[in-house]
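Please open the model in your viewer and keep the selection tool at hand. The stops below proceed one element at a time.

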Amino acid sequence: MQPSPDDPRMKLLAGTDLFGRLAASDLAVIVQHLRPVSFNANQLIFSRGDEGRDIYFVSEGRVRLSILSGDGRELSLTHAAAGDFFGEIAALDAAPRSADATAIGAVKAFNLPQSAIKVLLETNPRIAAAAIHFLCQRIRETNDKLEAIALHPIEVRIARFLLTAVKLQKVPVKDGKAVIDLAMSQGDLALLVGASRPKVNIALTVLEERHGIVRDGMRITCNVDVLEDISAGDG
């Protein structure tokens, strides 16, 4: 039975960077391979180094993607919230998982098995093209991040990181402001932007003085316009 356009699974796939470019008919083919899964709070979904079998599409809850730093601390890379997906790289290239995935609270999701992915890519050129487009986007984003670390001041790197967090967390922007949950320490942020923790602290203070952010513990209110100016190297 073909899913209707109002099927929540169709809407979930249509909202992703991976499959959002596809027509409803192609999404309907993918939906038939999705399987519902659920995870308890703090449940480890997979570990770094595990075999990459599935892509997960989150419908409810939030998942933390993290790695262990050299001194054994957990470094939170990003969160996958409702409407997001994770585990796609290992599922597409059949290589080991590159990070740990842990349910922060109760999570409901759909997984797309690697066996189904293989069939879809081999039999549907539009789905294969969408996957290629997505991977090219990821390469460009990685190049931009490397450029930011190598060439730009720390406050510019952090401004770009915060703007990306606003986008990834799908935070509404109201009157030019967006509130995000950073969910990481200054030491973790330092590792992500390629700087020391003291320099990150100084850069955050600079962003506050320039009215780009207001800090309240791990919650940060971002002035999107100011951060965009800073991220472009203006001023």
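Contact, as the term is used on this tour, means that heavy atoms lie within 4.5 Å. The model is a predicted one. Begin by colouring the protein by confidence: its mean pLDDT is 87, and 92% of its residues reach 70 or more. Confidence is highest in strand β1 (residues 35-39), at a mean of 97, and lowest in strand β5 (residues 74-81), at 76. Where pLDDT is low, the predicted coordinates should not be read in detail.

**First stop: the four-stranded sheet**

Select β1, β8, β3 and β6, which form an open sheet in that order with antiparallel pairing. At its edges stand β1 and β6 (85-86); each has a single partner strand, so one side of each lacks a neighbour in the sheet.

Now restrict the selection to strand β8 (residues 107-113). How many of the residues of β8 are buried? Six of the seven are, so the strand is largely enclosed by the rest of the structure.

Next, follow the pairings of β8. With β1, it pairs in the antiparallel sense over five bridges; label Ser-38 and its bridge partner in β8, Lys-108. With strand β3 (residues 54-60), β8 pairs over six bridges, again in the antiparallel sense. Here Asp-54 stands opposite Pro-113 of β8.

Move on to β3 and β6, which run antiparallel and are joined by two bridges. Label Phe-57 to find its bridge partner in β6, Phe-85.

Then add helix α4 (residues 114-123) to the view. Helix α4 lies across β3 and β8, and runs at about 50° to β8.

**Second stop: helix α6**

Select helix α6 (residues 154-168). Its 15 residues reach 21 Å from the first C-alpha to the last, close to the 21 Å expected at 1.5 Å a residue. Display the side chains and look for the buried positions, among them Ile-154, Val-156, Ala-159, Leu-162, Leu-163, Ala-165 and Val-166. Just beyond, α6 is followed by Lys-170, whose phi is positive, near 55°.

**Third stop: the three-stranded sheet**

Keep α6 displayed and add β9, β11 and β10. These three strands form an open sheet in the order β9-β11-β10, and the pairing is antiparallel. Which strands form the edges? They are β9 (177-181) and β10 (213-216), each of which pairs on one side only. From one strand to the next, the twist averages 20°.

Within this sheet, β9 pairs with strand β11 (residues 219-223) over five bridges in the antiparallel sense. Label Ala-178, whose bridge partner in β11 is Cys-222. Helix α6 packs on the sheet and touches β9, β10 and β11, its direction making about 85° with that of β9.

**Last stop: the helix pair**

Finally, select helix α7 (residues 186-193) together with α6. The two helices pack at an angle of about 100°, with their axes 10 Å apart. Because angles of 65 to 115 degrees count as roughly perpendicular, α6 is roughly perpendicular to α7. Which residues make the contact? On α6 they are Arg-157, Ile-158 and Phe-161; on α7 they are Leu-189, Leu-192 and Val-193. Arg-157, Ile-158 and Phe-161 also belong to the buried residues of α6.

Technical notes:
Residues numbered from 1 in each chain as written. Predicted model: local features only at pLDDT ≥ 70, side-chain atom pairs only at ≥ 80, totals over all residues. Heavy atoms only, no water. pLDDT = per-residue confidence, 0-100. Expected span 1.5 Å × (residues − 1). Buried < 20%, exposed > 50% of the residue type's maximum accessible area, 1.4 Å probe, protein only. Pairing = 2+ DSSP bridges. Axes fitted to C-alpha atoms, helices over the stretch in contact; angles between N-to-C directions. Parallel < 35°, antiparallel > 145°, perpendicular 65-115°, else oblique.
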